[in-house]
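Here are my notes on this model, point by point. Please keep the structure open while you read.

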Amino acid sequence: MATRLDLLPIGVTRVAQSRISGVDLSNVPFSSVWSDHVFVAEYRNNAWTNARIQPFAELALLPSVSALQYGLSVFEGLKAHKTNDGSLLLFRPTENARRLQRSAARLAMTAPPESLFLAGLRELVTTDRAWIPPVDQGALYIRPVLFSTDPSVGVKPADRLQFLIFTFPFNAYYTAPVNVIVNENYVRAFPGGTGDIKACGNYAAALLADQHARAAGYQSTMWLDAKERRFVEECGVMNVFFVIAGEVYTPALTGTILPGVTRDSVIRLLRDAGHVVREERVAIADVVRAHQHGSLTECFGTGTAATVSHIGSIRYRDTLIELPPVERRTVGAAVRSQLVSLMTGANADAYGWVERIR
Ligand code: COI
């Protein structure tokens, strides 16, 4: 089986005419244009087959596919950068291939093997290398998606799946510190649920709280735990970090937190830079107390799209926590810069995280 999968050939059909002319790669908002091609593979009769690169275009799907009926869909997010010497760099892509496996398993789906995920990814990014923004002006966002094409309204694990990878250039997800409000009415995840995987439904279920946050004048939601509504879990679509009395705190991976690749990288970089990083439960009351005592000096979120993004303020009930100005925040800014230097090849990679392709 493994041999057969390893040998799956990837056919390439290129666009007749690229859509890139007229796209200003130094000014592309997130999710505003799509690169020319998409990687596609199909799962049927217990095997992955028909791997190919083709022009990015609408899909033909039966209305009954269970991705649409029951949300059998999981995804990933990673980035490619271009270096000054024209090489393409991927950041920890194997971690994404493995997380997709875990996400798929939780929804009783079969993920593409790591070898297929990585081969498709490399081929696609190489094909659309012209879409990667210039050095220091952003990245190519890569979105792998796995969903059921099983045309069954019966509630059952999928027999047929499609795996896609598409990409788009962007400069920044957030361009300014993010103001957030703690939501006590809705939860993002609960023990035994799907909060620790990238199920598409997790993001759908978060949208109403996000809408409420925006209506109240904030950009995003800070999520609390489902049982006690006491402990901070995540912030919008990001993992969250606090700097309190010189030490860094981030919620422990208790099963309701997404094990972010950026989160993991940031923890490692911070520890190697000599910071104490505590992965433990963080009570919102302790965050408020730290703010009142003047010991809360930073809060930032991490994620593929967001990289490391400062939180500007946190509203919790009647308390508005205004974080110090960004110029005074050394921990988040330094780790962001270190991470970006690794991702873009400006700094040597002592971690084996960066994969250089062609
Ligand atoms: C990512 O950062 O890649 C994410 O998955 C968040 C996304 C919903 C923009």
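1. Start with the pocket. The ligand takes up the space of the largest pocket. Keep in mind that this is a predicted model.

2. Next, look at the neighbours. Which residues surround the ligand? The aromatic names are Phe30, Phe75, Tyr141, Tyr173 and Tyr203, listed here as part of the shell. The shell also includes Gly77, Arg143, Lys198, Val237, Thr304 and Ala305.

3. Sort that shell by class. It holds 7 nonpolar residues, 2 polar residues and 2 charged residues.

4. Now check the polar contacts. Tyrosine 141 places a polar side-chain atom 2.6 Å from an oxygen atom of the ligand. Lysine 198 also has a polar side-chain atom 2.6 Å from a ligand oxygen. With alanine 305, the partner is a polar backbone atom, and the distance to an oxygen atom of the ligand is 2.8 Å.

5. How much of the ligand's accessible area does the protein cover? On its own, the ligand has 280 Å² of accessible area. The protein covers 90% of that.

6. Step back to the whole fold. The protein has 9 helices and 19 strands. Its radius of gyration is 21 Å, and the globule rule gives 21 Å for 358 residues, so the protein is as compact as a globular protein of that length.

7. Finally, the overall dimensions. Along its principal axes, the C-alpha trace spans about 60 × 50 × 40 Å.

Note on methods
Residues numbered from 1 in each chain as written. Predicted model: local features only at pLDDT ≥ 70, side-chain atom pairs only at ≥ 80, totals over all residues. Heavy atoms only, no water. Near = heavy atom within 4 Å. Polar contact = N/O pair within 3.5 Å; in protein donor to acceptor, adjacent residues only side chain to side chain. Areas by Shrake-Rupley, 256 points an atom, 1.4 Å probe, with all protein chains shown as cover. 1 Å grid on protein atoms, 1.4 Å probe; cavity = no way out; pocket = protein on both sides within 12 Å on 5 of 7 lines; lining within 4 Å. Sits in = over half its atoms within 2 Å of the grid points. Nonpolar A, V, L, I, M, F, W, Y, C, P; charged D, E, K, R; others polar. Helix = DSSP H or I, 4+ residues; strand = E, 2+ residues; numbered from the N terminus. Rg over C-alpha atoms; globule rule 2.2 N^0.38 Å.
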